[in-house]
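User: Could you take a close look at one part of the backbone for me, and then connect it to the rest of the model? I work with computed structures every day, so please walk me through your reasoning.

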Amino acid sequence: MSKLSDRITRLEDINNIRRRVGDFGEACDRGPYDADELSEYWLSDASFHSDPFHYDGLSEIRQFFQGLAADFTKHYFLNPIIHVDESGSTATAQWYGWESPAIAGKSLVGAFDHTLRCEKRQGDWLWGKWIQTIQFLSPACAGWSGENRLIEQHKPSACTEEGPQDD
Amino acid sequence: MTDQFDARISALEDAYAIEKLMNLHVRYFDSLVNGSADGLDRSLYVGEFHWNCKLFGSHDGFDAYSRFLEAYSRRVSFSLQLLAPLGIDIDVARAGATGRWGVWQPFTLEGEPWVLAGQYANSFVREDSWRLASVDLHVDILTPWSVGWGDERIHRKWRWLSHCT
């Protein structure tokens with residue numbers, strides 16, 4: 001059995017990660033996607049994966065956020081499953097994501113599955129590896145079946161399948 | 001050392017009690033609208049409970065809140081409020097707390113599907129147990145589902161206050 005203080009710290013860390021992810025969702029909604037603010041949540045060598053795209057390092061992740069076309073977003077992180085490792089300095093968190101953005105005047109709803117690996121640095125939890133699966137991102141009024149299952153969310157030419165373009 | 005542990009455990013217990021209280025508040029609200037509850041649980045609230053939203057009006061006191069909910073239930077036949085927790089802060093003395101939640105609420109207004117999206121910023125006080133002192137709802141989306149929020153996030157035909165106050 002771990003020491004009492006370690007057990008309490010683990011519960012506090014779980015709460016802190018829940019809150020930090022909620023803060024991140026709100027930060028996504030400001031702007032939306034203010035790359036400067038969002039960069040503060042990531043480690044410099046972090047990675048973000050959202051099939052088929054993959055971004056390595058803070059610079060590429062910044063470009064990903066800068067390339068998003070939404071003019072309004074609402075992010076919800078739900079159903080958290082958080083495991084803090086024995087070391088107390090790393091953790092894995094899984095969430096369902098629900099979003100209701102507006103892109104080019106279209107109302108969309110999106111359902112996501114997130115797996116996040118994070119590290120505790122000087123008391124703050126930072127994102128090291130985020131894997132996002134888009135279950136659907138669809139016109140809200142039309143539902144999410146057939147060709148509506150996945151709507152393009154990047155600005156034209158913002159990214160290639162290998163990652164953001166240099167220029 | 002024991003005092004320090006006690007304070008940290010109390011903070012975790014308080015946060016869970018407040019989250020549960022908020023979930024119960026919302027569940028009673030939805031159940032009353034959906035016809036699966038007869039009334040509210042008064043013990044969840046302080047007597048001078050205050051419910052406020054720019055788009056639904058301001059209701060001072062538990063009785064005023066009950067009347068608002070009765071009026072709401074006459075127009076809204078379905079409601080489901082999905083909550084995303086955004087953080088709970090408990091004051092040092094453990095006498096009061098604040099909490100915020102994101103809310104996604106599909107609802108049926110006079111037979112028409114609508115959606116509300118926004119944030120709750122609530123306050124709580126600890127008497128014999130934690131109670132809800134105030135609810136402040138900020139709305140980002142309020143529109144018929146068939147119209148959507150692409151062009152206009154608060155739909156121009158929204159007229160709650162003229163009907164209910």
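Analyst: **A loop in chain A, and what surrounds it**

From start to end, the elements of chain A run α-α-β-β-α-β-β-β-β-β-β-β. That amounts to three helices and nine strands. Do keep in mind that this is a predicted model.

The part I would pick is the loop that follows the opening helix. In chain A, A:Pro32 sits between helix H1 (4–29) and helix H2 (35–39). What form does the peptide bond from A:Gly31 to A:Pro32 take? That bond is cis, with omega near -5°. The next residue deserves a look as well: A:Tyr33 also belongs to the loop between H1 and H2 of chain A, and its phi is near 60°, a positive value in a residue other than glycine. Both features stand out against the usual background, since most residues other than glycine have a negative phi, and most peptide bonds are trans.

Is A:Tyr33 buried or exposed? Its relative accessible area is 11%, and buried means under 20%, so A:Tyr33 counts as buried. The positive phi therefore belongs to a residue that is covered.

Chain A holds another cis bond further along. A:Asp51 and A:Pro52 are joined by a cis peptide bond with omega of about 0°. Here the setting is a loop between strands: A:Pro52 comes after strand S1 (42–50) and before strand S2 (53–56) of chain A.

Chain B offers a companion to A:Tyr33. The phi of B:Glu110 is near 50°, again positive in a residue other than glycine. B:Glu110 is in the loop that links strand S5 (96–109) to strand S6 (112–126) of chain B. How accessible is B:Glu110? At 53% relative accessibility it passes the threshold, exposed being over 50%, so B:Glu110 counts as exposed. Of these two positive-phi residues, then, A:Tyr33 is buried, whereas B:Glu110 is exposed.

Now for the wider frame, beginning with chain A. Of its 167 residues, 51% count as buried. Its accessible surface comes to about 8,300 Å², with 47% of that belonging to carbon and sulfur atoms. If you take the contacts in chain A between residues at least 6 apart in sequence, 53% of them join residues at least 24 apart.

Chain B reads α-β-β-α-β-β-β-β-β-α along the sequence, giving three helices and seven strands. In chain B, 50% of the 165 residues count as buried, and the accessible surface is about 8,000 Å², 50% of it from carbon and sulfur atoms. The same contact count gives 54% joining residues at least 24 apart, among pairs at least 6 apart in chain B. Does the overall size of chain B agree or disagree with that of a globule? A compact globule of 165 residues would have a radius of gyration near 15 Å, and chain B has 17 Å, so the two agree. Along the principal axes, the C-alpha atoms of chain B fill a box of roughly 60 × 35 × 25 Å.

Helix H1 of chain B (residues 2–33) is a good place to see the chains meet, as it holds B:Glu19. Setting aside neighbours within four places in sequence, B:Glu19 is in contact with B:Pro85, B:Ile88 and B:Trp101, and with A:Arg18 from the other chain. With A:Arg18 there is also a polar contact between the side chains, at 2.8 Å. Elsewhere in H1 of chain B lies B:Asp14, which touches B:Ile90, B:Arg94 and B:Trp130 beyond its sequence neighbours up to four places away. With a relative accessible area of 4%, B:Asp14 is buried.

One last loop rounds this off. B:His155 is placed between strand S7 (130–144) and helix H3 (160–164) of chain B. Its relative accessibility is 11%, so B:His155 counts as buried. Its contacts, leaving out neighbours within four places in sequence, are B:Trp114, B:Leu142, B:Thr143, B:Pro144 and B:Val147.

Notes. Residues numbered from 1 in each chain as written. Chains lettered and ligands numbered in written order. Predicted model: local features only at pLDDT ≥ 70, side-chain atom pairs only at ≥ 80, totals over all residues. Heavy atoms only, no water. Helix = DSSP H or I, 4+ residues; strand = E, 2+ residues; numbered from the N terminus. Contact = heavy atoms within 4.5 Å. Polar contact = N/O pair within 3.5 Å; in protein donor to acceptor, adjacent residues only side chain to side chain. Rg over C-alpha atoms; globule rule 2.2 N^0.38 Å. Buried < 20%, exposed > 50% of the residue type's maximum accessible area, 1.4 Å probe, protein only. Areas by Shrake-Rupley, 256 points an atom, 1.4 Å probe, with all protein chains shown as cover.
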